[in-house]
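Reader: Got a minute to go through a model with me? Put it up and let's start with the ground rules.

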Amino acid sequence: MKAYAVPFEKFVNLADARLEAARRFGADLALMAGEALPSQLMEANGGVGYDRVIVCTGAPQAVATAFDAVDSAGTVLLFAPDEPDKPVGLPLARVWREEST
């Protein structure tokens, strides 16, 4: 991501090997997914939400964490869906209220 001028990249995963690879490839922060993740992400960003969050899994908890981490009027990109017919729950009231896209 450094080649694309991403100023500060965070990477979250459940696999230690992938976290280590993210560090080797230049991630500024690599975190293990878990219950404390939303607060860790906010702390790493000075207590504010992110302008853009990219989710590369269809896991419901990852989608929920993305909407917890995005700032008002921020964007969440759902890049990699789960199974084709599996619905993904979105916090529509929050998306509307916070003007997220």
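Author: Sure. One term to start: buried means under 20% relative accessible area, exposed over 50%, and partly exposed in between, with a 1.4 Å probe and protein chains only. By that scale, glutamate 98 is partly exposed, with a relative accessible area of 27%.

Reader: And what sort of model is this?

Author: This is a predicted model, where local features need pLDDT of at least 70 and side-chain atom pairs count only at pLDDT 80 or more, while totals for chains, interfaces and linings use all residues. Residues are numbered from 1 along each chain as its sequence is written, and side-chain values use heavy atoms, with hydrogens and water left out.

Reader: Back to glutamate 98. Which residue does it form a salt bridge with?

Author: Arginine 97, with the closest N and O atoms 3.9 Å apart. A salt bridge here is a side-chain nitrogen of Lys or Arg within 4 Å of a carboxyl oxygen of Asp or Glu. Arginine 97 counts as exposed, at 52% relative accessibility.

Reader: How many salt bridges does the structure hold?

Author: Three. Another one joins aspartate 68 to arginine 94, at 2.8 Å from N to O. Aspartate 68 lies in helix 3 and arginine 94 in helix 4 (residues 92–98), so this pair ties together parts that are 26 residues apart in sequence. Helices here are DSSP runs of H or I with at least four residues, strands are E runs of at least two, and both are numbered from the N terminus.

Reader: Aspartate 68 and arginine 94: buried, exposed or partly exposed?

Author: Aspartate 68 is partly exposed at 35% relative accessible area, and arginine 94 is partly exposed at 28%.

Reader: What about glutamate 20, what does it pair with?

Author: Glutamate 20 forms a salt bridge with arginine 23, and their closest N and O atoms are 3.6 Å apart. Both sit in helix 1 (residues 16–24), three residues apart, about one turn of the helix.

Reader: OK, new topic. How do helix 2 and helix 3 cross?

Author: The axes of helix 2 (residues 37–44) and helix 3 (residues 60–69) come within 9 Å and cross at roughly 35 degrees. Those axes are lines fitted to C-alpha atoms over the stretch in contact, with angles running from 0 to 180 degrees between N-to-C directions.

Reader: Which residues meet there?

Author: From helix 2, Leu37, Pro38, Leu41 and Met42; from helix 3, Thr65, Asp68 and Ala69. Contact means heavy atoms within 4.5 Å.

Reader: Is threonine 65 buried or exposed?

Author: Buried, at 8% relative accessibility. Leaving aside neighbours within four places in sequence, threonine 65 is in contact with Leu37, Pro38 and Leu41.

Reader: And which residues of helix 2 are buried?

Author: Leu37, Pro38 and Leu41. Seen down the helix 2 axis, they fall within an arc of 100 degrees, so they line one face of the helix. That arc is taken from the directions from the helix axis to the C-beta atoms.

Reader: What do they pack against?

Author: Strand 1 (10–13), strand 2 (29–32), strand 3 (50–55) and helix 3.

Reader: Last one: where is serine 100, and what does it touch?

Author: Serine 100 is in the segment after helix 4. Not counting residues up to four places away in sequence, serine 100 touches Val70, Asp71, Ala73, Gly74 and Val95. At 11% relative accessibility, serine 100 counts as buried.
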